[in-house]
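Hi everyone, thanks for making time today. I'd like to walk you through one structure, a piece at a time. Please have a look at it first.

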Amino acid sequence: MAVTDGSREKSTSTQKPSASQKPSPNPPEGKPVQLVHHDPSSGQFSLGEEAIAVLKRIKAPIAVVSVCGRARTGKSYILNQMLGTDGAGFEVASSYRPCTKGLWLWSQPIRRTALDGSYYYLVLVDTEGIDAYDQTTQDGVSLFSLAVLLSSLFVYNQMGGIDEAALDRLALVTELTRRIRVRTTGGAAAVVSGDGTPAPANGSKKKQESDGGNGGKKKEADGGSKKKMEPDGGLEDISALSEFTPSFMWLLRDFYYDLEDKGVKQSARDYLETALMPTPGKGQAVELKNMIRESIKALFPDRDCVTLVRPVTDEEALRNLATLPHDQLRPEFAKGVERLTATLNARAQPKRLGTQMLTGPLLAGLAAAYVKAINQGAVPTISTAWHSVAESECRAACYAAEDAYRAAFNPNTPPDEQALTDEHQRSLVAAFAAYKDRAVGDPGLQARYQQRYVTACNTAFEALREKRLAAAAEALERQLADLATRLHSDARLQDGSFQQIATALEAGVNGVVGATVGAARWPRLLAFCHAQYAALGNDMFDRMSMAAAFEAQRVHIEAQTQAAEIERLRTENEGLKAQLAAANKRAEEAAAARDEAISSARVAARNRSSDVEYRTKSRGCLGF
């Protein structure tokens, strides 16, 4: 079932489609499913899960046409004509036992397009006969009340004309004023009377300043529609209640009267208005009848009347009307049914509550609230039920907004303060759109739940922002720590100039900038550079100081080595000098000895020479 949201489903247009607009010629698929069930043993009403599921799937505006009336008067037949089915729709039987118990709806809503291009869905509801043989008066009034509360077009199906007996059968309309409240009075939605049935609470209400109405209804200035009806006590001003009642159509079946008044031809609507005029006279019976007339006019200011002749003259054919071929129907009836379905389709506009156009989920929520009130013996209070539904929808809208925020928030948003804030604002816009798409109710209620989801989103964002920024800051610190380690290692170990160190720092910082994001990094990077320039300068100074100390130590050691070497050489020189002196002494002694030896040798030589000469001379002298 394709009943999803559309781009124009929130249109508040009140334009009506033309009267000639008809449902699709192809009969919609579906089946009747029970919307409201009554358990006679417990006296409790309950909602059908399948029917509620059908309503909840209709996210677009919804129009509801309910047909109510006495049992066995052909209510289901009219709905089947709107469906375009031939015997395959709501159950139609020919016995005296009623086919329909409770409220039933067709499971396949009919998509309709208004003149402004927006679309909505039409749902058809069949009701249990209001005077079924096995039905109590209270149960009948409760079902009647539920049908009125949930409909945007309420069709009252009746056999024959509008006479005193017909007005008697609609006496439950006056009961409607006791069984429905616009709002609580005196802090209570209902007062229980002595017989255990809900009695009206006292108090008057201001007229709603709404032009919404169901189906764009137009209020009329009927003579008695503005006054307070008081049959047995202070009833709520029903003019306020009329702001929330559906359009009303009185369908007269098997109608055989001539519509004329004093020779002047009348329309069916004129006939209805004439029948609702107060009758002269006094007495309780007249007052009660006139009270019924005034109640109908006050509760249903947007009303109309349509007549249909008897479909066939043969009783056997009449009992099988649902399956009777169209060519066997009276032409007047067939044309009347065609005009009727066209009128119903034209008047079936989206259900409104004040100015709020209802969708399927909202209508389902109202049905649950009304049934709960009836089961608790309370008077269904429209404002209370609506507040409950609106609060539930606003709560769901709040959750939908939070989901939309989470879905819209880009998890890959850079961990930058401004980028995260911009993404947060963008996601809040998506959340607001999701919230407004579903939230209903008064501005105060919507504002309260809007603040709730905004607070939740802000809280989630703050936690995410702190986590992302902390993770980014931690990653930045890790990268800076790694860079500092490399820079300090290079500054201590490499023999580079300060310009080389500054170039390495700049390259490292540029690498960190390329690997990180966020404006918050710049103050940290600036502080890092300031700290690193100072620290690297200190490292360079320490390295140079250490190198100077090493050089001084080397020079000192070298000087000590040279001094030791000089001392060694000096010592060695002194030794050599001593040796030289000894050698010189020895040389001198040797020279002296030599000189002495030479001298001695010379003396000896001279002595030998003198001796030889002596000898020679002696030989000469001596002659030998």
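Let's begin with helix α13, where Leu420, Glu423, His424, Ser427, Leu428, Ala431 and Tyr435 are buried. Buried here means under 20% relative accessible area, with exposed over 50% and partly exposed in between, using a 1.4 Å probe and protein chains only. Those buried residues sit on the same side of α13, because they cover an arc of only 150° around the axis. The arc is taken from the directions from the helix axis to the C-beta atoms. Why does such a pattern make sense in a helix? An α-helix has 3.6 residues a turn, so residues three or four places apart point the same way.

The length of α13 fits too: its 22 residues, 417–438, should span 32 Å at 1.5 Å a residue, and the end C-alpha atoms are indeed 32 Å apart. The expected span is 1.5 Å times one less than the number of residues. As for the names, helices (H or I, at least four residues) and strands (E, at least two) are DSSP runs, numbered from the N terminus.

A word on where this comes from. This is a predicted model, in which local features need pLDDT of at least 70 and side-chain atom pairs count only at pLDDT 80 or more, while totals for chains, interfaces and linings use all residues. Residues are numbered from 1 along each chain as its sequence is written, and side-chain values use heavy atoms, leaving out hydrogens and water.

How confident is the predictor? pLDDT is its confidence in each residue, from 0 to 100. The chain has a mean of 77, and 75% of its residues reach 70 or more. Helix α1 (residues 49–56) has the highest confidence, at 94, and strand β8 (residues 191–192) the lowest, at a mean of 33. Please be careful with residues 186–236, where the pLDDT is below 50.

Now to strand β6, residues 119–127. How many of its residues are buried? Nine of nine. Tyr119, Tyr121, Val123, Val125 and Thr127 point one way, Tyr120, Leu122, Leu124 and Asp126 the other, and all of them are buried.

Who are the partners of β6? Two strands pair if DSSP finds at least two bridges between them. Strand β3 (residues 62–69) pairs with β6 in the parallel sense over six bridges, with Ala63 opposite Leu122. Strand β4 (residues 103–106) runs antiparallel to β6, joined by three bridges, and there Leu105 faces Val125. Strand β5 (residues 110–113) is also antiparallel to β6, with four bridges, and Arg111 has Tyr121 as its bridge partner. β5 and β6 form a hairpin with five residues between them, and Gly117 in that turn has a positive phi of about 95°.

Next, helix α10, residues 331–347, which contains Arg347. Arg347 counts as buried, at 13% relative accessibility. Leaving aside residues up to four places away in sequence, Arg347 touches Leu153, Ser247, Met249, Asp302, Arg303 and Asp304; contact means heavy atoms within 4.5 Å. The buried residues of α10 pack against several elements, including β5 and β6.

Last, the cysteines. How many disulfides does the whole structure have? Zero, where a disulfide is a pair of cysteine sulfur atoms within 2.5 Å. Cys398, for example, has its closest cysteine sulfur in Cys457, 7.9 Å away, too far for a bond. Cys398 is buried as well, at 1% relative accessibility. Thanks for listening!

Note on methods:
pLDDT is the predictor's confidence in each residue, from 0 to 100.
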